[in-house]
Every structure is written in structure tokens, then in C-alpha cells.
Amino acid sequence: MNTNLFEGRLVRLTAEDPNILAEAFARWGRNSTFSRLLDSDPSRLWSEKKNKEWFEKGLDKDSTTPFFSIRSIADDKLIGFIGAWGLSWQHGDTFFAIGIGEEDFWGKGYGTEALQLFLGYTFREMNLRRVSLNVFGYNPRAVRSYEKCGFKIEGRVRQAILKEGERWDVIYMGILREEWEQLSLMEAT
Ligand SMILES: CC(C)(COP(=O)(O)OP(=O)(O)OC[C@H]1O[C@@H](n2cnc3c(N)ncnc32)[C@H](O)[C@@H]1OP(=O)(O)O)[C@@H](O)C(=O)NCCC(=O)NCCS
């Protein structure tokens, strides 16, 4: 019960004002490498204003679906986000999306730790049974990060994505509550 749900060693999960989120998302969205990792639809540019409207509508509408910003602890910099989607209370399952928008922070463990915090939140606070995700075959860094958090590959939709003439799989991954509990026990010992 004394676990700090929102703070790790490298990052903490925060709630930000829509103005701050809108500025960051508009800036991160101009990095097409980033937007292609997040979404297989054609990359689009969203203005700060459109982002702000989306955050104001979306975050107010559904307060039971968790959405967090990610800040680095060392310099309190807003570096990304993590949020649930497709949440089913009935089945105790949720999908999520994660994006470290600040490219300098890729590959340094910030995203993985944010996901570990998010998993702790979904299992400890929301009492979910499992957490699910899908990831594109051209994102091996994300697959590795998810494996480090205990996710297993559960299936793939072969050659579902076409980007610049090349076909890629959509990979489905998931983690069950007991697998997360086992990992948490191992980390605690
Ligand atoms: C995906 C993301 C959350 C991962 O978080 P992260 O903190 O950068 O990941 P980490 O640094 O903890 O780990 C990355 C792992 O991938 C490995 N990796 C990096 N590039 C790789 C590649 N091309 N092939 C295989 N593994 C790779 C690293 O070696 C590391 O594994 P290791 O710790 O065993 O050495 C983050 O990079 C991110 O948000 N990226 C941009 C947006 C995105 O891809 N979102 C996910 C959409 S599904």
C-alpha cells in the first residue's frame, strides 16, 4: 500500500494542462518518424489549437480511462505520454499507447520505466486481468521494451501494413496479471 504509483527512478507520471499538452503534441507530431511509430495511418499534422480541443474534449469526457504525461525526474522535462484505450471493465482488459516524443530520450529506459509504472497502475489500482497492445513490425525497439516489461507476443496480422512499398506485420502482445505479479515479486527480491 506504500508504493508510489506515479514515480519511478527516471520518470514520473503527471497530469498536464491541455495548453502544455497541445504545444508538446503539435511539436512531437512534426517528427514523422515518431508519428509513423505511433500510427500506421498516413501521417497528419495537427495544429496546437486542434490538439488542445481534442485534449479538452477527450480527457474531460472519460475520466475512468487513465491518461498520463511522462516527465523525466532529473530535469522535470515533459518527454511523452502513456494512456489506455479500448478499456473493457467487463473483461478486465485494456490496450494502451505510449510515446516518448522527445527523441533524445529514446533508448535510455524512460519509456520502459513509464510502462512499468502504468502496468502497476492498471493491476494495482484498476484490478485488471490483462493488458494488451499492438505494435508495428518496423518498431523492434518498442517490441523489446514491451518484452522487458513482461509482455509476450500473442499473434500477428501478417503483412497488414504497407509503407513505401514494404509490407509489415501488426504484432499483438499481452501480459496477464499473474505474469506481472511474478515479475514484481522477482524485482522485489
Ligand atoms: C518504444 C518506447 C516506449 C521504448 O521505450 P525506451 O525507453 O526508448 O526503451 P528502452 O531504452 O528501455 O529499451 C529499448 C530496447 O530496445 C532495444 N532496441 C533499440 N533499437 C532496437 C532495434 N532496432 N532492434 C532491436 N532492439 C532494439 C534496445 O537495445 C533496448 O533493449 P535492451 O535494454 O535489452 O538493450 C520509446 O522508445 C518510444 O516511445 N518511442 C517512440 C514512439 C513509439 O515507438 N511508441 C510505441 C508505439 S507501439
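## Starting with a buried serine

A residue is called buried when its relative accessible area is under 20%, and exposed when that value is over 50%. This is a predicted model, and S145 makes a handy first stop. At 13% relative accessibility, S145 falls under the 20% limit, so it counts as buried. You'll find S145 in helix 5. Its C-alpha atom is 20 Å from that of A188, a residue 43 places away along the chain.

S69 is another buried residue, with a relative accessible area of just 1%. It sits in strand 2, which runs over residues 67-72. Setting aside neighbours within four places in sequence, S69 is in contact with R12, L13, T14, E16, L21, L78, G80 and F81.

## Two loop residues with positive phi

Now for a look at the backbone. N127 isn't a glycine, yet its phi is positive, near 55°. Where is N127? It lies in the loop between helix 4 (110-125) and strand 5 (130-136). With 56% relative accessibility, N127 counts as exposed.

E164 also has a positive phi without being a glycine, and here the value is about 50°. Its loop is the one between strand 6 (152-163) and strand 7 (166-176). E164 counts as exposed, with a relative accessibility of 69%.

## Aromatic pairs

How many aromatic pairs does the structure hold? There are 21 of them. Take F96 and F151: their ring centres are 5.9 Å apart and their planes meet at 45°, so this pair is tilted. F96 belongs to strand 4 (residues 93-100), while F151 is in the loop between helix 5 (140-148) and strand 6, so the pair ties together parts that are 55 residues apart in sequence. Both F96 and F151 are buried.

Y138 and W168 make another pair, with ring centres 5.6 Å apart and planes at 80°, so this one is edge-to-face. Distant parts of the chain are linked here too: Y138 is in the loop between strand 5 and helix 5, W168 is in strand 7, and the two are 30 residues apart. Are these partners buried or partly exposed? Y138 has a relative accessible area of 18%, so it is buried, whereas W168, with 25%, is partly exposed.

## An aromatic cluster and a lysine

Some aromatic residues gather into a group. F25, W28, F34, W46, W54, F55, F67 and F81 form one aromatic cluster. F81 has already come up in this tour, as one of the contacts of S69.

W46, one of the cluster members, has a lysine for company: K50 lies over the face of W46, at 4.3 Å from the ring centre.

## Around the ligand

Which residues come nearest to the ligand? Of the 22 residues around it, those are I100, G107, G111, T112 and K148. G111 shows up again when you look at individual atoms: one of its backbone N or O atoms lies 2.7 Å from an oxygen atom of the ligand. K108 also brings in a backbone N or O atom, this time 3.1 Å from a ligand oxygen.

N139 takes part through its side chain, where an N or O atom is 2.8 Å from an oxygen atom of the ligand. As for cover, the ligand taken alone exposes 950 Å², and the protein buries 73% of that.

## T65 and L87

The last stop is a pair of residues in contact. T65 is in the loop between helix 3 (48-61) and strand 2, and L87 has its place in strand 3 (residues 78-88). Not counting residues up to four places away in sequence, T65 touches A84 and L87. L87 has its own list of contacts beyond its close sequence neighbours: T64, T65, D93, T94, M126 and L128.

T94, one of those contacts of L87, can also be placed relative to T65: the two are 29 residues apart in sequence and 9.2 Å apart in space, C-alpha to C-alpha. From L87 you can also look across to W54, a member of the aromatic cluster. L87 and W54 are 33 residues apart in sequence, with 19 Å between their C-alpha atoms.

Note on methods. Residues are numbered from 1 along each chain as its sequence is written. This is a predicted model: local features need pLDDT of at least 70, side-chain atom pairs count only at pLDDT 80 or more; totals for chains, interfaces and linings use all residues. Side-chain values use heavy atoms; hydrogens and water are left out. Helices (H or I, at least four residues) and strands (E, at least two) are DSSP runs, numbered from the N terminus. Buried means under 20% relative accessible area, exposed over 50%, partly exposed in between (1.4 Å probe, protein chains only). Contact means heavy atoms within 4.5 Å. Rings of Phe, Tyr and Trp (its six-membered ring) pair if their centres lie within 6.5 Å; planes under 30 degrees apart count as stacked, over 60 as edge-to-face and the rest as tilted. A charge sits over a ring if NZ of Lys or CZ of Arg is within 6 Å of the ring centre and within 35 degrees of the ring normal. A residue is near a molecule or strand if one of its heavy atoms lies within 4 Å of it. A polar contact is a pair of N or O atoms within 3.5 Å; within protein, one must be able to donate a hydrogen and the other to accept it, and residues adjacent in sequence count only if both atoms are side-chain atoms. Accessible areas come from the Shrake-Rupley method with a 1.4 Å probe; for residues, only the protein chains shown count as cover.
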